[in-house]
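User: I have a protein model open and would like to go through it with you. Could we start with one residue and work outward?
Analyst: Certainly; here is the model.

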Amino acid sequence: MKYLSLPDNATRILPFYLAMEEFAARIIGEDDIFFMWQVEPTVIFGRNQLIASEVNVDYCHKHGIAFYRRRSGGGCVYADKDNIMFSYITRSDEVQTTFTRYTSAVAAMLQGLGLNATASDRNDVLIDGRKVSGNAFYHIPGRSIVHGTMLYDTNMEHMLNAITPSREKLKSKGVESVRSHITTLREHLTMDIEDFKRYVRENLCDGEIRLTADDVAEIERLTLPYLEPSFLNGNNPRYEVERGGRIEGVGSIHINVTLKHDVVTDLHLTGDFLPLCDDTQAVLLDKLRGVKLEADELRKALDGSDAGQWIMNLTNEQLIKLLAVGY
């Protein structure tokens, strides 16, 4: 795996590094590429999430915290200069295989420092059962991109207040208990953040690809769509029926459904679930268009399909329970 490095040490806005992933995936021919990056205080939320539901906009404005949408699914994340972001680009279309290979490699790297690190089935990396790294995924044809956090340290007050937990998360965990589910490397290691970054690079990579000034200019061009208000705000129309909840091992799923003559005509998905196909929303709508929100009707519509192929770890029955009236 080759390390992708920039020609300078400047700190850039978060969308630049997302565009850098795209550049690596589309332009650079190497099979496996990795790089690390850090940003000023920023919230990044998933492609299927609503700003109003996930980001405490007033708090962010007050404390100078930026916020951006990414193309991958998953949940809302806070990052700052004490938190290292990892990006992994590989030649693969296999979602779960890619996730497993990557998170296992990161866990093994941490084990090399004497830490009790494991990869979870939710694609997190844990130390002593507490989350130190969360990861998200998306792909373009022939390439997969995994990116995530590595909590060396962080401003916990900002982390807790810049992100607005959903009611399901508040009910199941409580804001204060978030502290008991998260750990930082600083709690476990004596090496400083720069020494840790050197260790990561030496452990995971066996060479370097150095970007040029022209490459940086192209990446800056690829950054522009992330800054468009239409992309930042997303497509959040109003619908007649709302269904939603938090499913263990899957995440939060909220489905806004338009009904006409008691059957589905349109739907819109939001949440921190992990989508496993290019357009999960379109695939699900294709299955449910013209179907009543009744358990038996939904079972017939989903017969022969596996919801776990569209949303990670989701079963057909869980989806039916989420949607069906009076289930």
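**Contacts of a tyrosine, then the wider fold**

Analyst: Leaving out residues up to four places away in sequence, Y152 touches D82, I84, T184, L185, R186, M191, D192 and I193. Please note that this is a predicted model.

User: Where is Y152 found?
Analyst: Y152 is in the loop that runs between β11 (143–150) and α5 (156–162).

User: And is Y152 buried or exposed?
Analyst: Y152 counts as buried, because its relative accessibility is 6% and the cut-off for buried is under 20%.

User: What separates Y152 and D303 in space?
Analyst: Their C-alpha atoms are separated by 46 Å. Along the chain, Y152 and D303 are 151 residues apart.

User: Let us turn to the other tyrosine, Y59. What is the place of Y59?
Analyst: Y59 sits in helix α3, which covers residues 57–62. Its relative accessibility is 12%, so Y59 counts as buried.

User: Which residues is Y59 in contact with?
Analyst: Setting aside neighbours within four places in sequence, Y59 is in contact with I65, E157, H158, N161 and A162. Of these, E157 belongs to the range given for α5 (156–162). In addition, the C-alpha atoms of Y59 and I163 are 9.0 Å apart, with their positions 104 residues apart in sequence.

User: Now the strands. Where is I89 found, and what is its relative accessibility?
Analyst: I89 is in strand β6 (residues 84–90). The relative accessibility of I89 is 0%, so I89 counts as buried.

User: What is I89 in contact with?
Analyst: Not counting neighbours within four places in sequence, the contacts of I89 include E21, A24 and A25. I89 is also in contact with D31, D32, I33 and F35, and with R143, S144 and I145.

User: And how far apart in space are I89 and T100?
Analyst: From C-alpha to C-alpha, I89 and T100 are 14 Å apart, and they are 11 residues apart in sequence.

User: You mentioned E21, A24 and A25. What can you say about helix α1?
Analyst: Helix α1 takes in residues 14–27, which is 14 residues. From its first C-alpha to its last it reaches 20 Å, close to the 20 Å expected at 1.5 Å a residue.

User: Why is α1 described as largely enclosed?
Analyst: Because 12 of the 14 residues of α1 are buried, the helix is largely enclosed by the rest of the structure. The buried residues include E21, A24 and A25, each of which is in contact with I89. Also buried in α1 are L14, P15, F16, Y17, L18, A19, M20, E22 and F23.

User: Changing topic: what about the backbone, say phi of D128?
Analyst: Phi of D128 is near 50°, which is a positive value in a residue other than glycine. D128 is in the loop between β8 (125–127) and β9 (130–133). With a relative accessible area of 48%, D128 is partly exposed.

User: What is phi of N313?
Analyst: Phi of N313 is near 75°, again a positive value in a residue other than glycine. N313 lies in the loop between α12 and α13 (316–323). Its relative accessible area is 38%, so N313 is partly exposed.

User: Where is the place of E294?
Analyst: E294 is in the loop between α11 (280–288) and α12 (295–302). E294 counts as partly exposed, at 41% relative accessibility. E294 and I320 are 26 residues apart in sequence, and their C-alpha atoms are 8.2 Å apart in space.

User: Finally, the whole protein. How many helices and strands are there?
Analyst: There are 13 helices and 15 strands. The radius of gyration is 20 Å, close to the 20 Å that the globule rule gives for 327 residues, so the protein is as compact as a globular protein of that length. The C-alpha atoms fill a box of roughly 60 × 40 × 40 Å along the principal axes.

User: What share of the residues count as buried, and what about contacts?
Analyst: Of the 327 residues, 52% count as buried. Among contacts with a separation of 6 or more, 69% are between residues 24 or more positions apart.

User: And the surface and charges?
Analyst: The accessible surface comes to about 15,100 Å², and 47% of it belongs to carbon and sulfur atoms. There are 36 positive and 47 negative side chains, and the centres of the two sets lie 3 Å apart.

How values were computed. Residues are numbered from 1 along each chain as its sequence is written. This is a predicted model: local features need pLDDT of at least 70, side-chain atom pairs count only at pLDDT 80 or more; totals for chains, interfaces and linings use all residues. Side-chain values use heavy atoms; hydrogens and water are left out. Helices (H or I, at least four residues) and strands (E, at least two) are DSSP runs, numbered from the N terminus. The radius of gyration is taken over C-alpha atoms; the globule rule is 2.2 Å times the number of residues to the power 0.38. Buried means under 20% relative accessible area, exposed over 50%, partly exposed in between (1.4 Å probe, protein chains only). Contact means heavy atoms within 4.5 Å. Accessible areas come from the Shrake-Rupley method with a 1.4 Å probe; for residues, only the protein chains shown count as cover. Lys and Arg count as positive and Asp and Glu as negative; His and the chain ends are not counted. The place of a charge is taken as NZ of Lys, CZ of Arg, CG of Asp or CD of Glu. The expected span of a helix is 1.5 Å times one less than its number of residues.
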